[in-house]
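Hi,

Here is the structure I promised to pass on to you. Have a look at it first, and my notes on what turned up are underneath.

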Amino acid sequence: MSPSPVPDRRCRTGIAVTSAAVLHPAAATVTELDRVLRRGEPTLRPTPLPGAELVVPAAHLDGFDLRSWARSHCADPHSRDRLRRVAGRATLPVRTACCVALAACTAARLTDAEARDTSVVIAGNNLALGHQSRAAAAYAADPSTVRAGHLLDCFDTDALGAVGEVTGCGGEGWPIGGSSAAGALALIHATRMVAAGQAPRCLVVAPVNDLSPVEIGAFVKAGAMTPVTAGGDATAACRPFDESHDGIAVAQVAAAVLIEPASEAHRRGIRPLGRILGSGTSTDGRRGTRPDTDGQVRAMRTALSDCGLAPSDIDYVNAHATGSAVGDDSEAAALAEVFGAAGQTVAGSTAVESTAAGSADVEGPWVNSTKALLGHGLGAAGLVEAVATLLQLTGGYCHANPHLAKPVRSDLRFVTDTITRAPLRTALSNSFAFSGINASLVLGRAEEDCP
């Protein structure tokens with residue numbers, strides 16, 4: 001039984017996304033991310049797998065340097081010094097978390113007192129597997145190499161403490177796991193806290209997931225990732241919703257957003273990036289990697305019901321779509337069940353610019369997948385894709401899905417190889433994870449009533 005819709009008041013206001021920050025090999029700021037989306041060019045590169053004769057498609061933060069980031073993106077010398085002192089020797093996930101958290105708080109113009117009341121939610125679990133693998137190998141070779149600091153490095157809570165110290169945020173603190181759905185789940189938890197008045201605002205931070213060669217090798221062995229062959233095109237490796245899809249491409253990406261009631265952002269003279277209107281989650285109740293269409297349908301319908309919207313009110317869907325055959329097919333079937341009923345039309349779907357044969361003739365929301373451009377950010381994917389969705393709502397466009405030549409279904413309105421321009425108001429963003437964790441977010445433009 002579906003939950004009852006909430007009053008229209010929430011639909012009209014929502015919770016504001018006051019500021020955001022991202023860190024990706026191709027985009028160190030939100031503005032740069034917007035450019036990447038508008039260009040529609042994949043950012044994946046062939047990446048050798050250490051210790052194995054494999055080259056995989058990926059977007060890695062090779063050689064990421066915290067000091068260089070601070071010089072380029074942090075104007076306040078005291079903040080730069082604190083960032084270097086707190087996170088200078090931390091793991092890559094913690095360093096990236098501190099950078100995006102500091103950038104998001106700076107953009108939100110929080111006073112010291114406001115920061116002290118700000119809660120922090122960290123998205124992701126098993127964040128530093130690559131670091132743990134290297135530390136274990138070093139210890140096996142020479143036990144004297146172990147550092148006392150490893151007591152912090154080996155636990156995901158290090159990101160929570162470090163972000164709090166760097167930003168001055170001292171409200172409630174929550175690490176939220178959930179594999180590939182972690183970013184969305186963290187944002188949902190934070191939104192519920194703010195909506196219930198349990199926190200005046202929340203900083204949601206999704207660090208980089210640092211995988212070891214063991215996890216990458218397991219992806220390959222499981223058939224979820226296809227290595228790049230000699231002379232192969234790594235940029236075309238991730239092909240969500242295309243009949244030729246054959247696996248994911250992992251990306252090292254971090255993101256942070258600050259959420260609060262819109263009135264608070266306006267009080268500080270900030271126009272929010274957008275609004276969180278509703279959310280829905282479900283679990284499939286079973287172990288494994290195989291997705292469940294029914295669970296995904298329940299999450300999407302719960303999200304729509306949460307904000308009192310109908311499927312026909314959604315203009316755009318940012319799909320989870322990783323490029324794996326099983327995952328894409330399941331989500332496409334779920335999308336068709338939720339949005340494919342006869343007579344459901346998209347409000348304001350005019351002024352379309354697309355070369356997709358027949359795509360503009362299909363009713364329903366536009367559908368694309370940001371992973372086609374950025375790769376799969378794992379625990380950070382849901383948060384960075386929520387930011388990408390808000391950028392598209394604000395900009396009135398859906399980014400291209402290059403290499404989507406033969407869609408897996410003909411009854412969904414896929415964006416293919418050309419940017420699609422349309423007046424967008426509301427969007428749904430999906431995040432689905434192993435072990436049957438499903439999360440959907442309904443997002444809206446900054447200052448516009450829901451349909």
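A spot to start with: Gly197, just after α10, takes a positive phi of about 75°. Do keep in mind as you click around that this is a predicted model.

The helix leading up to that glycine is α10, which covers residues 182-195. Its 14 residues reach 20 Å from the first C-alpha to the last, close to the 20 Å expected at 1.5 Å a residue. How much of α10 is covered? Mostly, it is: eleven of the 14 residues are buried. Among them are Ala182, Gly183, Ala184, Leu185, Ala186, Leu187 and Ile188 at the start of the list, and further along you will find Ala190, Thr191, Met193 and Val194.

Next, strand β1, residues 15-23. Here nine of the nine residues are buried. Which strands does β1 pair with? One is β8 (residues 254-260), joined to β1 by seven bridges, and another is β9 (residues 274-283), joined by three. The β1 and β8 strands run antiparallel, and so do β1 and β9. If you want residues to click on, Ala21 stands opposite Ala256 in β8, while Ala16 has Arg275 as its bridge partner in β9. As a general reminder for looking at the sheet, side chains in a regular strand alternate between its two faces.

Now for the holes. There are three cavities of 30 Å³ or more, and the largest holds about 50 Å³ of space. Which elements give two or more residues to the lining of that largest cavity? They are α5 (92-108), α8 (150-153) and α9 (157-167). The lining includes Thr91, Pro93, Val94, Leu127 and Ala128, together with Leu152, Asp153, Phe155, Asp156, Asp158 and Ala159. By type, that lining divides into seven nonpolar residues, one polar and three charged.

Last one: Thr418, which is found in the loop between β13 (413-414) and β14 (420-421). Is Thr418 buried or exposed? Its relative accessibility is 18%, so Thr418 counts as buried, the cut-off being under 20%. The Thr418 side chain also makes a polar contact with the side chain of Asp417, at 3.3 Å.

That is what I have for now. Shout if anything is unclear.

Cheers

How values were computed: Residues are numbered from 1 along each chain as its sequence is written. This is a predicted model: local features need pLDDT of at least 70, side-chain atom pairs count only at pLDDT 80 or more; totals for chains, interfaces and linings use all residues. Side-chain values use heavy atoms; hydrogens and water are left out. On a 1 Å grid over the protein atoms alone, a cavity is a set of points where a 1.4 Å probe fits but cannot get out, and a pocket is an open set with protein on both sides within 12 Å along at least five of seven lines; lining residues have an atom within 4 Å of a point. Grid points are joined across faces, edges and corners, and a volume is the space filled by probe spheres set on the points. Helices (H or I, at least four residues) and strands (E, at least two) are DSSP runs, numbered from the N terminus. Ala, Val, Leu, Ile, Met, Phe, Trp, Tyr, Cys and Pro count as nonpolar, Asp, Glu, Lys and Arg as charged, and the others, Gly among them, as polar. Buried means under 20% relative accessible area, exposed over 50%, partly exposed in between (1.4 Å probe, protein chains only). A polar contact is a pair of N or O atoms within 3.5 Å; within protein, one must be able to donate a hydrogen and the other to accept it, and residues adjacent in sequence count only if both atoms are side-chain atoms. The expected span of a helix is 1.5 Å times one less than its number of residues. Two strands pair if DSSP finds at least two bridges between them.
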